[in-house]
Amino acid sequence: MKHLAKIGAIGLAVFGFSLSSYAQELLPEVRMVALNYKYLKSVTDTNAAQPVRLLERRAATYDVKNSEFYEDDAEGYFISFYIPAGQILAIYDKDGKLLRTAEKFKNVAVPKPVRDAVNEKYPKWTISQDVYLVNYTDSPGDKKIYKLVLENGNKRIRVKTNEKGEFL
């Protein structure tokens, strides 16, 4: 009985090794390269609201060459992306590289650094409305601005901050 168990264990090990080596020969190599990685790296903010990140990812992964609008002789493309919380106007070159965006999101969750800065500077005020604006360009110098309406009773003020909570 012990001898039969040893043979079974050895057989199972040989079968497992042969199966794994067979599977490695069948699977092709896959490479993932993001054409618009600069855009994603520049605008992606882990503190940003989920709808913002969702639409920015859609703009980054949009394939101009496989769209119904693609023409070989066109120099560039203006593509709009919409969701109820916001929109992105993106400009792509003929190869599908994202050159610029103008992004606007209304009443999305304000990130913690912005909330903390508002609570520190305006302790008895609440954020009643917000607009998040992003202007991306292929060159350095992106702008990310939160325009906020603060309320305290019947008083209202408007303030602007960047994504870090620094008042502008």
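**Notebook: helix H4, a pocket and aromatic pairs**

I looked up helix H4 (residues 112–121) and found that its buried residues are Val-114, Ala-117 and Val-118, where buried means under 20% relative accessible area, exposed over 50% and partly exposed in between, with a 1.4 Å probe and protein chains only. These residues cover an arc of only 95 degrees around the axis, which puts them on the same side of H4; the arc is that of the directions from the helix axis to the C-beta atoms. I note the general rule that an α-helix has 3.6 residues a turn, so residues three or four places apart point the same way.

I recorded that this is a predicted model, in which local features need pLDDT of at least 70 and side-chain atom pairs count only at pLDDT 80 or more, while totals for chains, interfaces and linings use all residues. Residues are numbered from 1 along each chain as its sequence is written, and side-chain values use heavy atoms, with hydrogens and water left out.

I then checked what covers the buried residues of H4, and the cover includes strand S4 (126–137), strand S5 (143–152) and strand S6 (155–162), with contact meaning heavy atoms within 4.5 Å. Helices (H or I, at least four residues) and strands (E, at least two) are DSSP runs, numbered from the N terminus.

Next I turned to the second largest pocket, which holds about 160 Å³ of space. A pocket here is an open set of points on a 1 Å grid over the protein atoms alone, where a 1.4 Å probe fits, with protein on both sides within 12 Å along at least five of seven lines, and lining residues have an atom within 4 Å of a point. S4, S5 and S6 each supply at least two residues of this lining, and among the lining residues I noted Asp-130, Lys-147 and Arg-158. The lining divides into 4 nonpolar, 2 polar and 5 charged residues.

Finally I went through the aromatic pairs, of which the structure holds 6; rings of Phe, Tyr and Trp (its six-membered ring) pair if their centres lie within 6.5 Å, with planes under 30 degrees apart counted as stacked, over 60 as edge-to-face and the rest as tilted. The rings of Tyr-62 and Phe-81 have centres 5.5 Å apart and planes at 80 degrees, so I entered the pair as edge-to-face. Tyr-62 is partly exposed at 23% relative accessibility, whereas Phe-81 is buried at 5%. For Tyr-132 and Tyr-146 the centres are 4.3 Å apart and the planes at 20 degrees, so this pair is stacked; the pair links strand S4 to strand S5, 14 residues apart.

Definitions and conventions. Grid points are joined across faces, edges and corners, and a volume is the space filled by probe spheres set on the points. Ala, Val, Leu, Ile, Met, Phe, Trp, Tyr, Cys and Pro count as nonpolar, Asp, Glu, Lys and Arg as charged, and the others, Gly among them, as polar.
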